[in-house]
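Here are some notes on strand pairing and packing, set out as numbered points for checking against the coordinates.

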Amino acid sequence: MLSFPRGLSFCIQKADRQPDFHSFIITREDGTRTYGSAFIYYEEVTDDKILAAMQTLQHMFLAEVETDVSDTLHIEQVGGNLRFSPGTTKKRTIDDLKIYKSNKDRLYVTKCLCLITQQPFVQPTQQFLQQLHSAVLNPTEIEFSLESYIYNVLYEVPLPPPGRSMKFYGIKSPIFCQRPSVSELPLFDFCLSQLFDYLDIRDIVQLFTTLLLEHQVLLYSSDYQKLMLVAECMMTLIFPYQWQHVYVPILPASLTHFLDAPVPFVMGLHHGKESRSELQLPSEANMCFVDIDARTVEVPEDLPNFPHSQELIGELIKVKNKFRHANEKSVNITTRKSFSTLDNFDSSLKDSRLSNQSCPDLQNKLDILHQSEAFNRISEIAKKTGVWKTIDEFSDKTKDVSTQNDDNDPSSMSEQEITQLNYNNTVREIFLNHFLHIFSSYDTFVIPPNQDMESWLTNRESMQNFDKASFLSDQPEAYLPFLSYFTETQMFATFIDNKILSLWEDPEPSLRIFDGRLKLLKEQVGEHVRHTYAPCNTIEDTENLLKKRVIYVDHVSPKPHTLEGLTVSTTIEPGNFPQLNEKVLNTEPVFKAKSREGAKWRKRDRQLQHSEHLKMNPEQRE
């Protein structure tokens, strides 16, 4: 239901058959989550029974149309749906439809490649699935069998430890992933910059406020990934609080009756080409309706303002402008490089003593040149004179050196990915900073229990754990409309429960991070942090932690290899995903008690921890 929320789709060769990607989430009864990545593409149907069944279904449909629809109705095909409106005769319009005709058409059906993970890695899984699909389209380009690559990612690619980064190997190119340390904000792999492209900043702040007050939130889009992205982005922005109610970012078509539930929820509803007016919803007075495609957010009536909301909006506008200008600058630099490369090309070519370190840089210049239209025209002239043969040979040599150095090059993450990580980090730090200032004194009003943990857990529902009246009386009057509601929410009650439980056991991770940041803020600013607001000053420090991970990759995963039990390689017809060898893929490897590879990783991890303890910078560590 989550890989194909609206079921299978069929089409003929004339239709748009671009592949699509979306992620999804499964929340179990105990609150644990499993994450899925679904890459959907079209594959030709070759089964004669399915082809015959489709032909029969269409004959039945057309007969029904002939019987029930008057001659003056025009039949319009919109996406996968049919619409009827006054127009020309039905004979001509039916013939114009993209109907499957077995004598001249090819029939296609959606197929999904799905990868399930225990951690929310979105970008790495998307890259792996895209490369897997690309290998099926061009099977001659892959070195090993598909089973080798899938076996590698299932059994041989480890989960990087917290605070570490890792490079593992896809089918065509390496893939990078990283995990924050236990003292950093939790792993988040969606692009917050896309959230700010989809919705206005003021609307995002209102949606954020609606979530905190636990109203019903319905996301509405024609794109599954947009539904998932907006939902997950909003969930990460309410940190350290956690949504405690129904959370279904992608609502399968068969479960739309869930929208009638009289409880707080966050749900994502996918739509085709139908208009908003055709959507039948329960009472919308208490609902926040987010039409992502139309960039509109309708919030409940009398929604109070989030404290310091204008300061929050101002900071977010600055961040968006800063990164937009950075991207524009990056584009301009690339353009200038392409012209300067033309000037320096001859001198670079003459230097035969180029070191291995400079070859990748020259290769980048060559790549830029090949993208230039003017340069391509010059190259055609050069080829006719015989000059280009020498340049091509040199280009091939630099490619060879660049390929050899790739495994040793620790900085495998692209500049775009690093920028995205910094964007995410900046925005999340700003939202957390607002919570730190609003709830800087919250622990003063927590009522400590006078019994043991078992007794407290038994009577928790009937006990008062937070002195709400005293807390509110200590707040500025402008905060009260929001705080009086927020302190009654389930997410705030759970946060206070976790604070009390930390008296007996290890603090819950989000609480530990929040209390640690609060302690640091009070050391820097002092106790007068209460009732005031100061812009976030932790962005640079947290960016440095990120930079250390992405520039110096900590671990390189083992490469894919030929599998022992695979005697006959699976034959791949271009465009058709083959039936894989289940026996080989379901045979877990036998790990030795103390593998040499594991020992090497542990040794390196100890060295990294030791250098961090000594607070060495990367150059000193090298």
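1. Tyr41 stands opposite Lys111 in strand 6, and this pair can be read within the antiparallel pairing of strand 3 (residues 33-44) with strand 6, which runs over 10 bridges. Please keep in mind throughout that the model is a predicted one.

2. Strand 6 (residues 107-117) also pairs with strand 1 (residues 10-12), again in the antiparallel sense, over 3 bridges; here Phe10 stands opposite Val109 of strand 6.

3. As to its surroundings, strand 6 is mostly covered, with 8 of its 11 residues buried, where buried means a relative accessible area under 20%. When side chains are inspected along such an element, it may help to recall that in a regular strand they alternate between the two faces of the sheet.

4. Elsewhere, 5 strands form an open sheet of mixed pairing, in the order 10-11-9-12-13. Strand 10 (246-248) and strand 13 (296-298) stand at the edges of this sheet and have a single partner strand each, so that one side of each is left without a neighbour in the sheet. From one strand to the next, the twist averages 15°.

5. At one of these edges, strand 13 pairs with strand 12 (residues 287-291) in the antiparallel sense over 3 bridges, and the bridge partner of Phe289 in strand 13 is Glu298.

6. Helix 7 (residues 224-237) packs on the sheet and touches strand 9 (216-221), strand 10 and strand 11 (265-270), while the direction of helix 7 makes about 145° with that of strand 9.

Definitions and conventions: Residues numbered from 1 in each chain as written. Predicted model: local features only at pLDDT ≥ 70, side-chain atom pairs only at ≥ 80, totals over all residues. Heavy atoms only, no water. Pairing = 2+ DSSP bridges. Helix = DSSP H or I, 4+ residues; strand = E, 2+ residues; numbered from the N terminus. Axes fitted to C-alpha atoms, helices over the stretch in contact; angles between N-to-C directions. Contact = heavy atoms within 4.5 Å. Buried < 20%, exposed > 50% of the residue type's maximum accessible area, 1.4 Å probe, protein only.
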